[in-house]
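Hello,

Here is the structure I said I would pass on. My notes follow below it.

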Amino acid sequence: MEDYKLKKIAVIGVSQNSKKYGYKIFSDLLKAGFNVFGINPKGGEVEGKKLFSSIKEINPLPDMILTVVPPVITEKVIEEMNLLGIKRLWMQPGSESDTAISKAKEYGILVTSKKCFMVANGLWKEELKGF
């Protein structure tokens, strides 16, 4: 299995609301030592880390994008990824769509979908988080 701790990951859909998955995922990745950057168009801060309003604000650009947003937003993120040359995408359950998956593949983006990043990397147990 790939060591994602060595990757620079941008989490799209980080919320300042601690009850939302965008917050929980970002917070738990930080606590586990991942090199993560949060994206929320409104900006803000979570766990003492600045939230960026877009991917292009992160310098250097991330190696991978993790989406925790509705599918229509994921489709827009894929367009931005294509323009920026980012080639790895993990769509959290609920953020994927057939359109998003096919568009990403069309652009040569390596896609992981229909699997929770947190469960797949041993950070959450399936029965605890409902995935």
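**Backbone outliers, sheet, cores and one buried serine**

At 43% relative accessibility, E47 falls between the limits of 20% and 50%, so E47 counts as partly exposed. Please keep in mind that this is a predicted model. E47 sits in the loop that links β3 to β4, and its phi is positive, about 55°, although E47 is not a glycine. Most residues other than glycine have a negative phi, and most peptide bonds are trans.

Two further places in the backbone belong with that one. K114, in the loop between β7 and α4, also is not a glycine and has a positive phi of about 65°. With 55% relative accessibility, K114 counts as exposed. The peptide bond from N59 to P60 is cis, with omega near -5°, and P60 lies in the loop between β4 and β5. There is also a positive phi of about 90° at G33, just after α1.

Now the overall picture. The chain has five helices and seven strands, which follow one another as β-α-β-β-β-β-α-β-α-β-α-α. For 131 residues, a compact globule would have a radius of gyration near 14 Å, and the chain agrees with this at 13 Å. The C-alpha trace spans about 35 × 30 × 25 Å along its principal axes. Of the 131 residues, 46% count as buried. The accessible surface is about 6800 Å², and 51% of that belongs to carbon and sulfur atoms. If contacts between residues at least 6 apart in sequence are taken, 58% of them join residues at least 24 apart.

The seven strands form an open sheet with mixed pairing, in the order β3-β4-β2-β1-β5-β6-β7. Which strands stand at the edges? They are β3 (45–46) and β7 (110–112); each has a single partner strand, so one side of each is left without a neighbour in the sheet. The partnership of β6 and β7 is parallel and runs over three bridges, with R88 opposite L110 in β7.

On β2 (residues 35–39), N35 is worth a look. Its relative accessible area is 36%, so N35 is partly exposed. Leaving aside residues up to four places away in sequence, N35 touches K7, K8 and I9. Between N35 and A10 the C-alpha to C-alpha distance is 8.6 Å, with their positions 25 residues apart in sequence.

Next, the interior. The largest nonpolar core has 21 residues, and I9, V11, I25, L29, L66 and F117 touch the most other members. At least two residues of this core come from each of β1 (8–12), α1 (21–31), β5 (64–67) and α4 (117–120). The largest contribution, four residues, is made by α1. Apart from this core lies another, of 20 residues, which includes F37, V77, I109 and V111. In soluble globular proteins, nonpolar side chains tend to be buried together.

Two members of the first core can be followed further. L66 touches I9, A10, V11, I12, I25, L29, W90, Q92 and F117, again without residues up to four places away in sequence. I25 is one of the buried residues of α1, along with G22, Y23, F26, S27 and L29. The buried residues of this helix pack against β1, β2, β3, β4 (49–52), β5 and α4.

Last, a polar residue on the inside. S95 is found in the loop between β6 (88–91) and α3 (98–106). Is S95 buried or exposed? Its relative accessibility is 1%, and the cut-off for buried is under 20%, so S95 counts as buried. What does its side chain reach? The backbone oxygen of Q92 lies 2.8 Å from the side chain of S95, and a polar contact of 2.9 Å joins the side chains of S95 and T67. Beyond residues up to four places away in sequence, S95 touches T67, V69, P70, P71 and T74.

Regards

Technical notes:
Residues are numbered from 1 along each chain as its sequence is written. This is a predicted model: local features need pLDDT of at least 70, side-chain atom pairs count only at pLDDT 80 or more; totals for chains, interfaces and linings use all residues. Side-chain values use heavy atoms; hydrogens and water are left out. Buried means under 20% relative accessible area, exposed over 50%, partly exposed in between (1.4 Å probe, protein chains only). A polar contact is a pair of N or O atoms within 3.5 Å; within protein, one must be able to donate a hydrogen and the other to accept it, and residues adjacent in sequence count only if both atoms are side-chain atoms. Contact means heavy atoms within 4.5 Å. A nonpolar core is a set of buried Ala, Val, Leu, Ile, Met, Phe, Trp, Tyr and Cys residues joined through side-chain atoms within 4.5 Å. The radius of gyration is taken over C-alpha atoms; the globule rule is 2.2 Å times the number of residues to the power 0.38. Accessible areas come from the Shrake-Rupley method with a 1.4 Å probe; for residues, only the protein chains shown count as cover. Two strands pair if DSSP finds at least two bridges between them.
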